[in-house]
Amino acid sequence: MVLHKFGEKLYSGLVATMTGHLKDIAQSVEAAQGGSFLEELNRKWNDHNKALQMIRDILMYMDRTYIPSTQKTPVHELGLNLWKENVIYSSQIRTRLLNTLLELVHSERTGEVIDRGIMRNITKMLMDLGPSVYGQEFETHFLQVSAEFYRVESQKFIECCDCGDYLKKAERRLNEEMERVSHYLDSRTEKKITNVVEKEMIENHMLRLIHMENSGLVHMLCDDKYEDLSRMYNLFRRVTDGLSKIREVMTSHMRESGKQLVSDPERLKDPVEYVQRLLDEKDKYDKIINLAFNNDKSFQNALNSSFEYFINLNPRSPEFISLFVDDKLRKGLKGVSEDDVEVTLDKVMMLFRYLQEKDVFEKYYKQHLAKRLLSGKTVSDDAERSLIVKLKTECGYQFTSKLEGMFTDMKTSQDTMQGFYGCHPELSDGPTLTVQVLTTGSWPTQSSVTCNLPSEMSVLCEKFRSFYLGTHTGRRLSWQTNMGTADLKATFGKGQKHELNVSTYQMCVLMLFNNADRLSYKEIEQATEIPASDLTRCLQSLALVKGRNVLRKEPMGKEIVEDDAFFVNDKFSSKLYKVKIGTVVAQKESEPEKQETRQRVEEDRKPQIEAAIVRIMKSRKQLDHNNLIAEVTKQLQSRFLANPTEVKKRIESLIERDFLERDDSDRRLYRYLA
């Protein structure tokens, strides 16, 4: 027919025949009752597709020649369009089809089992008819109905569930919707429907969920609810600003609890416990971020900034961290494996990084290290050196050069003592003297306090002085008796013998009792010339500590006053042969000592600030006041937070000494003078 120029007649005949046939099909589908409606529609659609295939094959010549030349719709597409217009858009079918599909989805959401196969076939039919048909006839309405369904459901859940349960339900609903899409909806619907669930169930209730009483975010953090926190993180990351809301609340909670920790007067009584609590707190949040928050960098940063904030609220944090290290390196790491020692030291370094006043830590650390080295109390040289290497890596050579010098002095002193006894073999019978020679610049400066040593010892000391100055020219020795220790052999009332490990001051006091039975406080003070505060502490530890009271005091009482008299305690006994008598010592610094350390730190900072100013001005040649302050602060922040007022004073000092000058026209501009 096409060859005989009857193409138009064939084409219009096809349209008329198919239209008539499809109207009959539409009536048969409309007549279907209840559940058989979709089945009938599906059956007729399959029949129509088969028929269409055959018609296209029969009319292939027309499809290939006549239709392209006249720009008419190809046979297969024509068949789909006619099905759409006569069946899908039929007034009796259109609304009924939409309502049936939506009812089935609703039934499934409320827990009923539906025929997913028929649903898949019908939605595929709509997609085959064109994406716009699927969108207009089903998807748009499906999303509107879903939004309403989840709006109502989320409102109901949030009234009756706690935060953890609500999040479980939201997670389950999200998974159900994704599964629904994979079974019988177009894959492009997934993004749209998950957005609807996220908005209605999470975004609209974010703040209420986070702040929910007794179950919200803070409650989860306090109780280490890793599973709930992980669920919250994974759900909230799906919505705009979700994670930043979690981060804000977590940060303010960490800062608040950290602030309480560092300002709690009970905690401040025990520095070791104080630092341990900080480490526990850090471990707790590290674990939460690792297990629940997917090691999210932004949460790591929030944790770091919170710790830096509250650790520096307490000006004694540098001292306490040094005391914690001191405790661990004296006794806390005994019997602990090398790996565990490294873990502990790494944790300490992490707290150290948060300190703004690293130079204050250095001051205390130096004092504590000196005491450990001189008393031979360090658990492990390797651990000591490992920490110094870590500090060096963190802060550079300048920070640790003096600490390394202290170790060098200890080693040199051993060699010196061998040389001394090599020159004086006759001294091997009497009292033994061990001297540590400390380089003034490397060790914490101590005011040189002398006391009257027993004659047996002062003879030895003089011999050592002559030996040392004979082998080293141009050096000066001053004795630091307040830092020494001694071992004494003592015999008590019933012939009981003990070896007492005491400080040099305690030795001076005890040796007086070789020649006297009773001595008053005044007499001891005159004979030894030990400073009053040290003497009081020394006598308290000798007479008032139970189990260590080798002296007794009259009258009894905890305080030492000038009229007190002291005797050897003949009844002293101990199960141990070697008895260590510690000095009653304040572990933390007293207020005056604290002020003194503070002043020393401030003094040490001045040359550092000046050096930074000169370095900056030398490279910049000229700079205005604000930029100079900012640069100096930036350069010094690895050691301490420079006070702008102090920087200003140092600038004035450098101007006076002709390192810098002010610009004549602009007083806030500085110039470098070579």
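**Close-up views of helices and loops**

**View 1. The buried side of helix H22 in a predicted model.** The buried residues of H22 pack against two other helices, H21 and helix H23 (504-512). In this predicted model, the buried residues in H22 are Met-457, Leu-460, Cys-461, Phe-464, Phe-467 and Tyr-468. They cover an arc of only 125° around the axis, which puts them on the same side of H22. An α-helix has 3.6 residues a turn, so residues three or four places apart point the same way. On the face of H22 that is turned away from this buried side, the exposed residues are Ser-455, Ser-466 and Gly-470. The 17 residues of H22 should span 24 Å at 1.5 Å a residue, and this agrees with the 25 Å that separates its end C-alpha atoms.

**View 2. The packing of helix H21 with helix H22.** Two packed helices are described by the angle between their axes and the distance between the axes. Here H21 (residues 397-423) and H22 (residues 455-471) pack at an angle of about 105°, and their axes are 11 Å apart. The two helices, H21 and H22, are therefore roughly perpendicular to each other, because angles of 65 to 115 degrees are counted in that class. On the H21 side, Thr-416, Met-417, Gly-419, Phe-420 and Cys-423 meet Leu-460, Lys-463, Phe-464, Phe-467 and Tyr-468 of H22. Sorted by class, the residues in this contact of H21 with H22 are seven nonpolar, two polar and one charged.

**View 3. Thr-400 in helix H21.** Thr-400, which lies in H21, is buried, with a relative accessible area of 0%. When residues up to four places away in sequence are not counted, Thr-400 touches Ile-388, Leu-391 and Lys-392.

**View 4. Helix H16 and the loop that leads to it from helix H15.** Asn-295 is found in the loop between helix H15 (271-291) and H16, and its phi is near 55°, a positive value in a residue other than glycine. With a relative accessible area of 38%, Asn-295 is partly exposed. In H16, the buried residues are Phe-299, Ala-302, Leu-303, Ser-306, Phe-307, Phe-310 and Ile-311. They cover an arc of only 150° around the axis, which puts them on the same side of H16. The 15 residues of H16 (residues 297-311) should span 21 Å at 1.5 Å a residue, and the end C-alpha atoms are indeed 21 Å apart, which agrees.

**View 5. Helix H19 and the glycine just after it.** Of the 18 residues of H19, 16 are buried, so this helix is largely enclosed by the rest of the structure. From its first C-alpha to its last, H19 (residues 358-375) reaches 26 Å, close to the 26 Å expected at 1.5 Å a residue. Just after H19 comes Gly-376, which takes a positive phi of about 65°.

**View 6. Glu-108 in helix H5.** Glu-108 has its place in H5 (residues 91-109) and is buried, with a relative accessible area of 13%. Leaving aside neighbours within four places in sequence, Glu-108 is in contact with Ile-114, Arg-116, Arg-180 and Tyr-184.

**View 7. Asp-224 in the loop between helices H11 and H12.** Asp-224 sits in the loop between helix H11 (217-222) and helix H12 (226-236), where its phi is near 50°, a positive value in a residue other than glycine. At 31% relative accessibility, Asp-224 counts as partly exposed.

Technical notes
Residues are numbered from 1 along each chain as its sequence is written. This is a predicted model: local features need pLDDT of at least 70, side-chain atom pairs count only at pLDDT 80 or more; totals for chains, interfaces and linings use all residues. Side-chain values use heavy atoms; hydrogens and water are left out. Axes are lines fitted to C-alpha atoms, for helices over the stretch in contact, and angles run from 0 to 180 degrees between N-to-C directions. Helices (H or I, at least four residues) and strands (E, at least two) are DSSP runs, numbered from the N terminus. Angles under 35 degrees count as roughly parallel, over 145 as roughly antiparallel, 65 to 115 as roughly perpendicular and the rest as oblique. Contact means heavy atoms within 4.5 Å. Ala, Val, Leu, Ile, Met, Phe, Trp, Tyr, Cys and Pro count as nonpolar, Asp, Glu, Lys and Arg as charged, and the others, Gly among them, as polar. The expected span of a helix is 1.5 Å times one less than its number of residues. Buried means under 20% relative accessible area, exposed over 50%, partly exposed in between (1.4 Å probe, protein chains only). The arc is that of the directions from the helix axis to the C-beta atoms.
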